[in-house]
Amino acid sequence: MSAVKLDGKATAAKIKADLTARVTALKERGVVPGLGTVLVGDDPGSQIYVAGKHRDCAEVGIASIRVDLPETATQADVEAAIDELNASPSCTGYIVQLPLPKHLDTMALLERMDPAKDADGLHPVNLGRLVHMVDAPLPCTPHGIVLLLQEYGVPLKGADVVVVGRGITVGRSLGLLLTRRTENATVTLCHTGTADLAAHVRRADIVVAAAGVPGLITADMVKPGAAVLDVGVSRVDGKIAGDVAADVAEVAGFLTPNPGGVGPMTRALLLSNVVEAAEHALR
Ligand SMILES: Nc1nc(=O)c2c([nH]1)NC[C@@H]1CN(c3ccc(C(=O)N[C@@H](CCC(=O)O)C(=O)O)cc3)C=[N+]21
């Protein structure tokens, strides 16, 4: 058996087509959505992601503002960049590319952002709103994962979901999303302290691998027919190495390619947050 491909690239293209129409409608009302990015340092992976985000913006008609700072940037330098984007009328939403160099205080910088312009949904106020289940921009990767599963008719209600990895951008936030009444999944959040990872994964109807450990999830750990989503973006010899081993395709019922799965969905949902923030500002 071979798994059905959860085609993130194709699903993201549909989302972007819808966003293009909404951007046109906004422009007719005199609003041009604009995404800002703050990138500190020259990590090659981060450079690629940020460049991709600007390309996506151009594709759907969103203006973009790119702020690149050197690896040696001080806390005050990044604060100044954030203050400028907070004040800029042409920036309707922005992100601070993570991880930041170790000498910077990430939490203090995230807290300095205007929550209304937080396109990643990672500002503590917005994460707090997510915990409270009130309207907030949703973290892009978790939101993209939920939409991708819905697109392929993978049932969430009553499903046993195992999320591997407790990072704030993916694992921890995804657990919050999937346990909302509207999704109603049962979530087990596994991490490096989990005693028997294989035993948990084996019971799962849906497995989300977001640990950043290449090949962590192997075929023998996956229940036949399960949906498996690979969030891993490690690089080995310059090539993307996901968290899911290749042989999982033989047992899974649904599987994201990587690249072409979760990555393009993350980018599409970032654009969606920018458009939504611009629409919100009009109301
Ligand atoms: N504040 C912040 N927000 C983020 O959303 C964020 C971040 N920091 N730091 C890094 C991670 C990683 N990330 C990816 C986004 C798209 C692809 C993506 O589209 N990848 C392509 C392949 C691109 C390639 O070849 O490298 C794909 O999967 O098809 C991958 C990874 C967002 N992140």
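**Exercise 1. Classify Thr37 as buried or exposed, then place it in its strand and list its contacts.**

Solution. Step 1: Thr37 has a relative accessible area of 0% in this predicted model. Buried means under 20%, so Thr37 is buried.

Step 2: the residue belongs to strand 2, which covers residues 34-40.

Step 3: setting aside residues up to four places away in sequence, Thr37 touches Val50, His54, Ile65, Arg66, Val67 and Ile95.

**Exercise 2. Classify Thr106 in the same terms and describe its surroundings.**

Solution. Step 1: the relative accessible area of Thr106 is 27%. Partly exposed covers values between the 20% limit for buried and the 50% limit for exposed, so Thr106 is partly exposed.

Step 2: Thr106 is part of helix 4, residues 106-112.

Step 3: apart from neighbours within four places in sequence, Thr106 contacts Leu98 and Leu100.

Step 4: Val96 lies 10 residues from Thr106 along the chain, and their C-alpha atoms are 9.3 Å apart.

**Exercise 3. Determine how the chain is divided into domains, and relate this to the UniProt annotation of residues 6-120.**

Solution. Step 1: domain 1 comprises residues 29-116 and domain 2 comprises residues 140-262.

Step 2: the centres of domain 1 and domain 2, taken over C-alpha atoms, are separated by 28 Å.

Step 3: in an unreviewed entry, UniProt lists residues 6-120 as "domain: Tetrahydrofolate dehydrogenase/cyclohydrolase catalytic".

Step 4: this span is 50% helix and 16% strand, and its end C-alpha atoms lie 23 Å apart.

**Exercise 4. Compare the length of helix 6 with the expected value, and decide why the helix counts as largely enclosed.**

Solution. Step 1: helix 6 runs over residues 140-151 and has 12 residues. Its first and last C-alpha atoms are 16 Å apart, close to the 16 Å expected at 1.5 Å a residue.

Step 2: 9 of the 12 residues of helix 6 are buried, so the helix is largely enclosed by the rest of the structure.

Step 3: the buried residues are Cys140, Thr141, Pro142, His143, Gly144, Ile145, Val146, Leu148 and Leu149.

Step 4: the packing partners of these buried residues are helix 1 (8-28), helix 7 (171-178), strand 7 (206-209), strand 8 (227-230) and helix 9 (262-282).

Step 5: just after helix 6, Gly153 adopts a positive phi of about 70°.

Conventions:
Residues numbered from 1 in each chain as written. Predicted model: local features only at pLDDT ≥ 70, side-chain atom pairs only at ≥ 80, totals over all residues. Heavy atoms only, no water. Domains from an automatic or database assignment. Helix = DSSP H or I, 4+ residues; strand = E, 2+ residues; numbered from the N terminus. Buried < 20%, exposed > 50% of the residue type's maximum accessible area, 1.4 Å probe, protein only. Contact = heavy atoms within 4.5 Å. UniProt positions renumbered as here; feature names shortened; annotations may be inferred. Expected span 1.5 Å × (residues − 1).
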